[in-house]
Amino acid sequence: MKTTVNDRIDVRISKEHKELIKYASKISGFKNLSEFIVFCMNTEAKRIIKEHDQFLQSVEDKKIFIETILNPPAPGKQLKEALTHTRSMSRPANSTGNTRL
């Protein structure tokens, strides 16, 4: 299925960038520079969107994430026990127990 081309993007780049892109286009087998640039932009845009969507799938996921960061829940029993254990393991042998981490 062929896409109708009816819009335009103008970009200014250095001569060095253009030569690099032209060379990549040529060795990749594209018919012309525009075809190569559209292919690369489309591929990268899809990758960015996919990466973004995988992290937080819905608006609700985003709200939950932000809410949890801004208002974290109180530490549970296991976390408190782990902290106590870690503190006891990291105390020097002659410690009086008043050391704060």
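Analyst: One definition first: a residue is buried under 20% relative accessible area, exposed over 50%, and partly exposed in between. Also keep in mind that this model is predicted.

User: Is aspartate 10 buried or exposed?
Analyst: The cut-off for exposed is over 50%. Aspartate 10 has a relative accessible area of 63%, so the label for aspartate 10 is exposed.

User: Which side chain does aspartate 10 meet in a salt bridge?
Analyst: Side chains of opposite charge can pair when their charged atoms come close. Here the N to O distance is 3.0 Å, and a salt bridge needs the two atoms within 4 Å. The partner also counts as exposed, at 68% relative accessibility. That partner of aspartate 10 is arginine 8.

User: How many salt bridges are there by this rule?
Analyst: The rule asks for a side-chain nitrogen of Lys or Arg within 4 Å of a carboxyl oxygen of Asp or Glu. The pair of aspartate 10 and arginine 8 is one that passes, with 3.0 Å from N to O. For the chain, the count comes to six.

User: Which helix holds both glutamate 19 and lysine 22?
Analyst: These two form a salt bridge, with their closest N and O atoms 3.9 Å apart. Glutamate 19, at 40% relative accessibility, is partly exposed, and lysine 22, at 38%, is partly exposed too. They sit three residues apart, about one turn of the helix. The helix that holds both is H1.

User: How far apart are the closest N and O atoms of arginine 47 and glutamate 51?
Analyst: Both residues lie in helix H2, four residues apart, which is about one turn. They form a salt bridge, and arginine 47 counts as partly exposed at 40% relative accessibility. Their closest N and O atoms are separated by 2.9 Å.

User: Which residues do salt bridges that share partners join into one network?
Analyst: Start from the salt bridge between arginine 47 and glutamate 51. Add the sharing of partners, and one network takes in Glu44, Arg47 and Glu51.

User: How much space lies in the largest pocket?
Analyst: Rolling a probe the size of a water molecule over the atoms shows where empty space is left. The pocket has 21 lining residues, and the closest to its centre are Ile9, Ser34, Ile37, Val38 and Met41. Its space comes to about 1,000 Å³.

User: Which element gives the largest share of the lining of the largest pocket?
Analyst: Two elements give two or more residues to this lining: helix H1 (15-28) and helix H2 (33-55). By type, the lining residues divide into nine nonpolar, five polar and seven charged. The largest share is six residues, and it comes from H2.

User: Is methionine 41 buried, partly exposed or exposed?
Analyst: Methionine 41 lies in helix H2, and it belongs to a nonpolar surface patch of about 560 Å² along with Ile9, Val11, Ile13, Ile37 and Val38. Its relative accessible area is 42%. That value falls between the 20% and 50% cut-offs, so methionine 41 is partly exposed.

User: What percentage of the chain's residues count as buried?
Analyst: The chain has four helices and zero strands, following the pattern α-α-α-α along the sequence. Its accessible surface comes to about 10,000 Å², with 58% of that belonging to carbon and sulfur atoms. Buried means under 20% relative accessible area, and of the 101 residues, the share that counts as buried is 3%.

Technical notes
Residues numbered from 1 in each chain as written. Predicted model: local features only at pLDDT ≥ 70, side-chain atom pairs only at ≥ 80, totals over all residues. Heavy atoms only, no water. 1 Å grid on protein atoms, 1.4 Å probe; cavity = no way out; pocket = protein on both sides within 12 Å on 5 of 7 lines; lining within 4 Å. Points joined across faces, edges and corners; volume = space filled by probe spheres on them. Nonpolar A, V, L, I, M, F, W, Y, C, P; charged D, E, K, R; others polar. Buried < 20%, exposed > 50% of the residue type's maximum accessible area, 1.4 Å probe, protein only. Patch = residues over 30% accessible without salt bridge, like charges linked within 9 Å, V, L, I, M, F, W, Y side chains within 5 Å. Areas by Shrake-Rupley, 256 points an atom, 1.4 Å probe, with all protein chains shown as cover.
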